[in-house]
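Okay, thanks everyone, I'll keep this short. Let me put the structure up and then we'll walk through a few spots.

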Amino acid sequence: MSSGLVRKRVAWFSRLLFSLSVMIGMASCASYDKSVENPSFLNKTNYKKLNGTYLANTKKDSFRFSTGDWYVYDYNFLHEIDRKLWKDTLGLDTVSEYSFRLEARSQKSLRVLYLKNDSVFRERNLKTRLTNKGYIQLKNKNLKIIGLPGIAGGYDQKRIRLTVNDNNDLVIDNAEGSYAAMMILYGGISSSSQRMVFESRIKNNN
C-alpha cells in the first residue's frame, strides 16, 4: 500500500472521529437558560396538568435593536414542534384563528390536536419523557444531520420542554444549537434559548 493512500485513509479516519466527537458534544450544545425557574414541577402523578387548549401564538414579547428601535415578535407552537422536514412542514394562513389541544396520554406520549377556527385539522403523537427537573421534554427529531459533518456540513439540535404556570398557561423552553464546518478547518458552534408562554383557552381541571 502506497504511503499516499495510507495518509488519505488516516485523514478520512481522523475526520470520522472528529465528526463523532462533534455529535457527542452536540448533546450539550443546545442548553436551556439556567436562570429561569420551573413554575410548576411535574411528576408521575401530576404530569396531566399539561392537558388543555392553548392559543397557538405566544403572548407578545419584544427586544430593542442597537438603534434603539423596538421589535415585537411572537412564536407559534405549531411551528415550534415542526423540525422543518418535508413531512412536518406546516403552512398556516393569516386570517384563521389557530390553537391546539394537548393530551398527555402518559409520561412518554403527548397527543397534539391542531385546531383551526376550533376545528381539528391535524393530529400528532409525540414521544416525551419526564425530566428530573419537573418538565415534560419532547423526544421528536432532536438531532438533524446537515450535509457531511466535519467535511462540508454539520449538526442541528433542537430541544423543547414543557410545563405550566399558575394561570394554567403553557410554558415552553426552546433550546437550539448548531455546529457547522468546512473540511474541519473552519467551524463554529452557535446556540440560543427562549422561554415562551401560550395562553390557556380552557382552564385545566386536572
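So, to start: how many bridges join strand 6 to strand 7, and do they run parallel or antiparallel? There are three bridges, and the two strands run antiparallel. Keep in mind that this is a predicted model. Strand 7 covers residues 136-138, and its Q137 is the bridge partner of R129. That pair of strands makes a hairpin with five residues between them, where G134 takes a positive phi near 85°.

Now step back along the chain. Strand 5, residues 109-116, comes before strand 6, residues 119-130, with a loop between them. These two also pair in the antiparallel sense, over eight bridges. If you want one contact to click on, L113 has E123 in strand 6 as its bridge partner. This is a hairpin too, with two residues between the strands.

The loop is where I'd look at the backbone angles. Most residues other than glycine have a negative phi. N117, though, has a positive phi of about 50° and is not a glycine. D118, also in that loop, has a positive phi near 70°. And how open are they? N117 counts as partly exposed because its relative accessibility is 47%, while D118, at 51%, is exposed, the cut-off being over 50%.

Last thing, the pocket. The largest one has a volume of about 260 Å³. It has 14 lining residues, and the closest to its centre are Y32, K34, K133, Y135 and R161. By type, the lining splits into six charged, five polar and three nonpolar residues. That's me done, thanks.

Conventions:
Residues are numbered from 1 along each chain as its sequence is written. This is a predicted model: local features need pLDDT of at least 70, side-chain atom pairs count only at pLDDT 80 or more; totals for chains, interfaces and linings use all residues. Side-chain values use heavy atoms; hydrogens and water are left out. On a 1 Å grid over the protein atoms alone, a cavity is a set of points where a 1.4 Å probe fits but cannot get out, and a pocket is an open set with protein on both sides within 12 Å along at least five of seven lines; lining residues have an atom within 4 Å of a point. Grid points are joined across faces, edges and corners, and a volume is the space filled by probe spheres set on the points. Ala, Val, Leu, Ile, Met, Phe, Trp, Tyr, Cys and Pro count as nonpolar, Asp, Glu, Lys and Arg as charged, and the others, Gly among them, as polar. Helices (H or I, at least four residues) and strands (E, at least two) are DSSP runs, numbered from the N terminus. Buried means under 20% relative accessible area, exposed over 50%, partly exposed in between (1.4 Å probe, protein chains only). Two strands pair if DSSP finds at least two bridges between them.
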